[in-house]
Amino acid sequence: MPPQAVHSQSVTERLADWICSVRAADVPARVLEKARYQTLNVIASLHAGADTEPGKAVRNTVAKWKKTGPCTVIPTGEKMALHEAVLVNAAYAMALDYDDYVYMGHTGHSAVLGSWAICEEEKLPTRDLLLAQVIANEIGGRVGASCVLGPQNGQAWSFIHAIEGAALASRLYGLNKEQTAHALAIAFYQPTFTLWPGFMGPTSKVLTAGGPTVTGIQAAQLAREGLTGAREIFEHPRKGFWASFTYASLPGMLTGLGKSWITDTIANKKYPGCAYIDTSMDALFMILEEFEKKNRRRMVAEDVEKIGVRANLLTVEMDNLSAEHVGEFEKLSPVNINFSIPYNLGIGIIAGKHTAGELSQEFLDKHEPVIRDLAAKTKLTHDWEMSFQVAKAFAGVLGRNSPVAQLSPRQYFKVLRGYQSQMGGKKKNSINLRGLLFDHGTDLARQAAAFVRKGRKSAAKAGGGARHEPDLSEVDFSRFKMAFPSEVTIETARGEKLSARQDIPFGAPGQEKYFETVEEKFRTEAGGALGGGQVDRAIAMMKDLEGSRLEELTKYVCRPGA
């Protein structure tokens with residue numbers, strides 16, 4: 001009888017090893033604290049999204065399936081079966097794009113809501129919920145990072161919710177390593193992704209996280225019953241995940257599990273909308289505060305002569321993508337303005353704040369002419385120095401593990417060609433290639449070359465001259481600062497000129513009052529429905545999540561009488 005073939009561990013097997021072996025005691029206290037506040041942030045987003053029209057549409061549809069069960073729809077308190085509750089809760093969380101995000105992915109929808117529902121169904125303690133949530137963040141963020149050089153990005157990585165759902169469910173169901181590896185492979189057998197036309201304008205956007213999370217949970221349930229998946233689903237050279245979803249895969253981004261913690265990088269949005277509007281909104285409210293102090297009254301729309309915004313490439317490109325969905329014949333909606341700098345600034349000026357209430361259809365309909373007038377007065381321009389600050393923040397924390405120092409010339413060409421095909425077409429805002437070449441070209445080329453040389457030199461030194469293989473275990477993500485610089489300038493009808501700049505958004509790593517920002521958001525979005533006393537109690541229980549009973553905590557985050 002011939003000996004059995006011996007193979008090296010596949011990606012799914014390596015991930016499964018860690019998912020099954022990590023213990024709560026292995027997770028640093030600071031990481032667990034970030035995860036608790038991630039939960040509080042996601043619950044706040046559920047309160048904000050529950051009364052939106054898209055959120056109601058999903059809830060009403062799922063209710064007609066008549067699948068009752070032990071899992072709670074938050075904040076209404078309705079009880080549904082596992083998959084149905086996850087689908088509705090994820091739609092609520094997605095409705096206003098009011099979520100959290102980590103270094104490479106928007107992980108909270110699946111990490112929090114999938115873990116919560118399974119722990120309700122299985123009657124598991126909250127310490128299991130928190131560990132499963134961290135596991136999902138670590139797996140989802142790394143998978144996103146491994147395919148960052150590809151056609152999908154950010155929320156468009158909807159497939160990370162499938163891999164997260166499989167990871168957290170495998171752990172909570174107590175699957176062994178082999179079953180867990182199969183669960184991950186089954187979840188990625190048919191990876192999901194978004195198409196921009198369905199994400200930027202219509203309300204189909206609310207389905208982005210729910211379906212994939214359910215798929216991941218189902219993958220674990222199927223693996224538990226013996227269904228198998230392809231062990232090489234990630235790395236197969238022709239039709240594997242990386243071959244299909246990246247221009248140049250970065251498998252080294254899946255290393256360092258249990259030694260470096262992507263959960264350290266959780267950023268919680270202060271405003272409903274894309275992450276890339278946050279610093280512009282922060283800067284706007286600094287200006288409004290300054291105006292009020294000087295003039296002893298609030299700024300109103302009639303005060304504004306023109307608005308200028310300088311921002312990074314990510315902010316500008318997201319605004320470009322959204323522009324075609326907010327034309328003069330398109331009705332303003334909570335979805336189609338999510339990525340727009342001009343429209344969100346207009347809302348902030350009119351209301352003096354930016355919460356779920358200002359994204360209600362009633363508010364948008366009432367103020368649409370004035371919002372559009374302010375948007376027309378706004379000019380967004382790309383600033384290359386700000387873009388390089390973003391790149392420095394993201395690549396800098398990785399050091400010699402950065403892709404900049406790892407890609408071959410052939411891979412660089414493939415990546416550039418891929419992005420050229422994705423980001424072509426007419427743009428509302430220029431990315432100012434002329435400015436890059438003539439204003440910053442020499443200096444930036446020198447900096448880029450020095451950065452590459454430094455990365456390769458340190459890699460060669462560490463490897464005795466051999467090429468350095470990326471290893472995230474040496475990366476300290478607690479040092480990461482989530483930078484998306486933006487500067488807003490408002491010129492008033494009286495000739496005043498007020499400017500403010502924000503580099504790191506409130507609620508993001510590297511910003512002061514990180515935890516206070518999340519608590520303020522929860523009070524703002526849940527306070528009206530829960531009342532002050534119940535909000536205080538819910539926050540206190542969330543801060544002591546492992547010491548709270550899930551059944552009791554669920555009662556306090558749902559509306560009274562639910």
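In this protein, residues 24 or more positions apart supply 79% of the contacts that have a separation of 6 or more. The model is a predicted one, and it holds 22 helices and eight strands. Of the 562 residues, 57% are buried.

The nonpolar interior comes next. The largest nonpolar core counts 176 residues, and the members that touch the most others are Ile139, Phe234 and Phe522. Take isoleucine 139: leaving aside residues up to four places away in sequence, its contacts are Leu15, Trp18, Ile19, Ile163, Ala167 and Leu257.

Now for the sheet. Four strands make an open sheet in the order S6-S5-S7-S8, and the pairing is mixed. S6 and strand S8 (497-502) sit at the edges, each pairing on one side only. On average, neighbouring strands here are turned by 15° against each other, if direction is ignored. Inside the sheet, S5 and strand S7 (residues 486-492) run antiparallel and are paired over seven bridges. One spot to look for is isoleucine 307, which stands opposite isoleucine 490 in S7. Two helices can be picked out against this sheet. Helix H12 (residues 278-295) packs on it and touches S5, S7 and S8, with a direction at about 140° to that of S8. H13 also packs on the sheet, touching S5 and S6, and its direction makes about 130° with that of S6.

Helix H13 deserves a second look. It spans residues 313-323, and its buried residues are Thr315, Val316, Glu317, Met318, Asp319, Asn320 and Ser322. These buried residues pack against helix H9 (196-200), strand S5 (304-311), helix H14 (341-351) and strand S6 (378-382). The N-terminal end of H13 has a cap, asparagine 312, with a side-chain oxygen 3.0 Å from the backbone nitrogen of leucine 314.

Beyond H13, the chain enters the loop between H13 and H14, and that is where asparagine 336 is found. Asparagine 336 counts as buried because its relative accessible area is 3%, below the 20% cut-off. What does its side chain reach? A polar atom of the asparagine 336 side chain lies 2.8 Å from the backbone oxygen of lysine 331. The same side chain also reaches the backbone nitrogen of serine 333, at 2.9 Å. Not counting residues up to four places away in sequence, asparagine 336 touches Met200, Gly201, Ser322, His325, Val326 and Lys331.

Charged side chains are the last topic. Side chains of opposite charge can pair when their charged atoms come close. Across the whole structure, a search turns up 29 salt bridges. One of them joins the side chains of arginine 559 and aspartate 51, at 3.0 Å from N to O. Arginine 559 is in the segment after helix H22 (550-557), while aspartate 51 is in the loop between helix H2 (29-49) and helix H3 (53-63), so this pair ties together parts 508 residues apart in sequence. Both ends are partly exposed: arginine 559 has a relative accessible area of 24%, and aspartate 51 has 47%.

Another salt bridge links arginine 59 and glutamate 78, whose closest N and O atoms are 2.5 Å apart. Arginine 59 belongs to helix H3 and glutamate 78 to the loop between strand S1 (71-72) and strand S2 (79-80), so the parts tied together are 19 residues apart in sequence. Arginine 59 is partly exposed at 24% relative accessible area, and glutamate 78 is partly exposed at 23%.

A further pair is made by aspartate 97 and lysine 269, with 2.6 Å between the closest N and O atoms. Aspartate 97 lies in the loop between helix H4 (82-94) and strand S3 (100-101), and lysine 269 in the loop between strand S4 (267-268) and H12, so the salt bridge ties together parts that are 172 residues apart in sequence. Are these two partners buried or exposed? Aspartate 97 is buried, with a relative accessible area of 1%, and lysine 269 is buried too, at 0% relative accessibility. Through shared partners, salt bridges join Asp97, Asp99, Lys205 and Lys269 into one network.

Key. Residues numbered from 1 in each chain as written. Predicted model: local features only at pLDDT ≥ 70, side-chain atom pairs only at ≥ 80, totals over all residues. Heavy atoms only, no water. Buried < 20%, exposed > 50% of the residue type's maximum accessible area, 1.4 Å probe, protein only. Contact = heavy atoms within 4.5 Å. Polar contact = N/O pair within 3.5 Å; in protein donor to acceptor, adjacent residues only side chain to side chain. Core = buried A, V, L, I, M, F, W, Y, C linked by side-chain atoms within 4.5 Å. Pairing = 2+ DSSP bridges. Axes fitted to C-alpha atoms, helices over the stretch in contact; angles between N-to-C directions. Salt bridge = Lys/Arg side-chain N within 4 Å of Asp/Glu carboxyl O.
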